[in-house]
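The following exercises concern a protein structure and are each followed by a worked solution. Please consult the sequence and the coordinates while working through them.

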2 protein chains.
Amino acid sequence: MLSAVGRVFATSSRSMATSALAPILGRLNHVAIACPDLEKASGFYKNLGADVSAAVPQPEHGVYTVFVNLGNAKIELLHPYGDKSPIEGFLAKNKAGGIHHVCIEVADIEKAIAKVKELGIRTLGDKAKIGAHGKPVIFLHPKDCLGVLTELEQA
Amino acid sequence: MLSAVGRVFATSSRSMATSALAPILGRLNHVAIACPDLEKASGFYKNLGADVSAAVPQPEHGVYTVFVNLGNAKIELLHPYGDKSPIEGFLAKNKAGGIHHVCIEVADIEKAIAKVKELGIRTLGDKAKIGAHGKPVIFLHPKDCLGVLTELEQA
């Protein structure tokens, strides 16, 4: 394996294609879909034989969650809980529902936050919070992430 | 393990949560992001240390593709190729880009197509085509898939 310095200055196309930076991003944890009808959404995946969890209210996050386990990654179905759900606005704009965010795992949320701030990527809130899976998470501003609301979750 | 019949008629909440149907859906293959600026998009993931491929023109699909390998699944960055790219309309509506589709693997594309048609889920086109990875794929109508353009790819 090349040293860190060697990797930074490597010039072959293969090396250039693969980033020489210390990896911040880990596995794809889940893709979240906001759903106006959670029972219908769960049924959609159940009808295709998927492993679908029961709905769990997450009052502190303003959502109900259902997890569709695809083995290597999850689909997270979201439905508003309470009056101030963070997905109300999204569903008002997208009546049929749609993909709300993508969640990528990181090994160390504090290092990840420091890195994204260094890169000029805005975070939603200054600090990590405990997410729906009981792990520290932070959301990155979609305007700084290719138009995609991106969640980082400490694995 | 319960027999298939036992599972169908099981009434505990745990058994009901997991589908008793033959599974059609396999692993999450990729999440595709349409990007107005492919170099900027590649740079975003490279800056976070991800394994990012070179851009590959896919004339028969009207896109350039870049793959971000997150280990368990991929992010597919898409940019229009040619005058009639299937993602032009999406980028006209979403100037900054955004999530375009989700791709889930299936073991047998023909069985999967038969099953989704049986469930009343419309396909875009009647038959599977060879996708960007050289494997048979079909897209499902977003209106029948929770507002999400959903690609099935034979693994």
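**Exercise 1.** Determine how B:K117 is classed by relative accessibility, and identify the salt bridge that B:K117 forms.

*Solution.* Step 1: the classes are buried (under 20% relative accessible area), exposed (over 50%) and partly exposed in between, with a 1.4 Å probe and protein chains only. At 39% relative accessibility, B:K117 is therefore partly exposed.
Step 2: a salt bridge requires a side-chain nitrogen of Lys or Arg within 4 Å of a carboxyl oxygen of Asp or Glu. B:K117 meets this rule with B:D126, their closest N and O atoms lying 3.7 Å apart.
Step 3: the partner, B:D126, counts as exposed, at 61% relative accessibility.

The model is predicted: local features need pLDDT of at least 70, side-chain atom pairs count only at pLDDT 80 or more, and totals for chains, interfaces and linings use all residues. Residues are numbered from 1 along each chain as its sequence is written, chains are lettered from A and ligands numbered from 1 in the order in which they are written, and side-chain values use heavy atoms, with hydrogens and water left out.

**Exercise 2.** Locate the salt bridge between A:R27 and A:E105 in the secondary structure of chain A.

*Solution.* Step 1: helices (H or I, at least four residues) and strands (E, at least two) are DSSP runs, numbered from the N terminus. Chain A has five helices and nine strands, in the order α-α-β-α-β-β-β-β-α-β-α-β-β-β.
Step 2: the closest N and O atoms of A:R27 and A:E105 are 4.0 Å apart. Because A:R27 lies in strand β1 (residues 25-34) and A:E105 in strand β6 (residues 98-106), the pair ties together parts of chain A that are 78 residues apart in sequence.
Step 3: A:R27 is partly exposed, at 41% relative accessible area, whereas A:E105 is buried, at 14%.

**Exercise 3.** Describe the salt bridge of A:D144 and A:R122, and state how many salt bridges the whole structure holds.

*Solution.* Step 1: the side chains of A:D144 and A:R122 meet at 2.8 Å, N to O.
Step 2: A:D144 belongs to the loop between β8 (136-140) and β9 (150-154), and A:R122 to the loop between α5 (109-118) and β7 (123-130), so that distant parts of chain A, 22 residues apart, are linked.
Step 3: A:D144 is buried, with a relative accessible area of 18%, while A:R122 is partly exposed, with 43%.
Step 4: over all chains, the search finds eight salt bridges.

**Exercise 4.** Characterise the interface of chain B and chain A.

*Solution.* Step 1: with contact taken as heavy atoms within 4.5 Å, 46 residues of chain B and 47 residues of chain A take part.
Step 2: buried area is the accessible area (1.4 Å probe) that two parts lose on being put together, summed over both. The two chains bury about 3900 Å² between them, 70% of it on carbon and sulfur atoms. B:L48, B:N72 and B:L146 supply 19% of the area that chain B buries against chain A, more than any other three residues.
Step 3: the rule finds zero salt bridges across this interface.
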